[in-house]
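The following points are offered for consideration alongside the sequence and the coordinates. They concern the division into domains, the surroundings of the ligand and one loop residue.

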Amino acid sequence: MSANEKKLAGEAAIRYVEDGAIVGVGTGSTVAFFIDALADLKDRIQGAVSSSEQSTAHLKRLGIPVLDLNATGRLTLYVDGADECDPHKRLIKGGGAALTREKIIAEASDKFVCIIDSSKQVPLLGKFPLPIEVIPMARSLIGREIVKRGGNPVWRDGVVTDNGNWVIDVHGWQITDPVALENDLNQLPGIVTVGLFARRPANVVLVGDKEI
Ligand SMILES: O=C[C@H](O)[C@H](O)[C@H](O)COP(=O)(O)O
């Protein structure tokens, strides 16, 4: 992991921000650099739609207006980090438990620019445990469904998401068909969000300041 590459990526994503835009903003240490850089443009944008209480606090602290996605309609740009990224720009996200709001904003955006350091690049997704946000009463049910599928579910004990739910991290999956796994898990009652971004991958990936 390289903090310098994260900073370069966060700052490089600024070139995708157009005048007058409402910018979708993700969560995490890489996005924090993007928010810092976005503050310099705050008089040229309408504001941001935030994916977490953490990013909302950061945006507000720097004087960037935080807008409600229900009022903005579609966004032209979403900028967010990732925990893993494969060569098809498919991602694992949710290491910071913000996956649900992140996935909503990614879906509502025309262009998803993903900002990472080179340690996040993998040939196959799954070395990073796959985060799944679950309704608390379904934790054991979902755990058993994961075991049936060959995964090792570990409850992220003590973590409550911004939506009041819990997170299970799935270890041991080598994800050869991310779209199929995402679709399969999306069918299970009790799962709120799977941290696989395969149906809706990133459009652009910046590794440091280099677009791949
Ligand atoms: O829930 C958190 C998000 O998906 C983050 O974008 C992801 O964990 C990457 O975070 P970082 O930039 O801190 O490595």
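1. The domain bounds used here come from an automatic or database domain assignment. The model itself is predicted. For the protein chain, the assignment gives domain 1 as 3–121 + 200–211 and domain 2 as 130–194. Taken over C-alpha atoms, the centres of domain 1 and domain 2 are separated by 24 Å.

2. Contact between the domains involves 12 residues of domain 1 and 11 residues of domain 2. On the side of domain 1 that touches domain 2, the largest share, 4 residues, is contributed by helix 5 (residues 99–107). The residues of that side of domain 1 comprise 4 nonpolar, 4 polar and 4 charged.

3. The ligand is surrounded by 17 residues, of which Gly 28, Thr 30, Gly 81, Gly 95 and Gly 96 come nearest. At least two residues of this shell are supplied by each of helix 2 (29–38) and helix 5. In composition, the shell around the ligand divides into 9 polar, 4 nonpolar and 4 charged residues.

4. Is Asp 157 buried or exposed? Asp 157 is situated in the loop that lies between strand 8 (152–155) and strand 9 (166–171). A residue counts as exposed if 12 or fewer other C-beta atoms lie within 10 Å of its own. Asp 157 has 7 other C-beta atoms within 10 Å and is therefore exposed.

5. A C-alpha separation may also be noted for this loop residue. Asp 157 and Gln 54 are 103 residues apart along the chain, and their C-alpha atoms are separated by 20 Å.

Notes:
Residues are numbered from 1 along each chain as its sequence is written. This is a predicted model: local features need pLDDT of at least 70, side-chain atom pairs count only at pLDDT 80 or more; totals for chains, interfaces and linings use all residues. Two residues are in contact if their C-beta atoms, placed from the backbone, lie within 7 Å. Ala, Val, Leu, Ile, Met, Phe, Trp, Tyr, Cys and Pro count as nonpolar, Asp, Glu, Lys and Arg as charged, and the others, Gly among them, as polar. A residue is near a molecule or strand if its C-beta atom, placed from the backbone, lies within 6 Å of it. A residue is buried if 20 or more other C-beta atoms lie within 10 Å of its own, exposed if 12 or fewer, and partly exposed in between; C-beta atoms are placed from the backbone.
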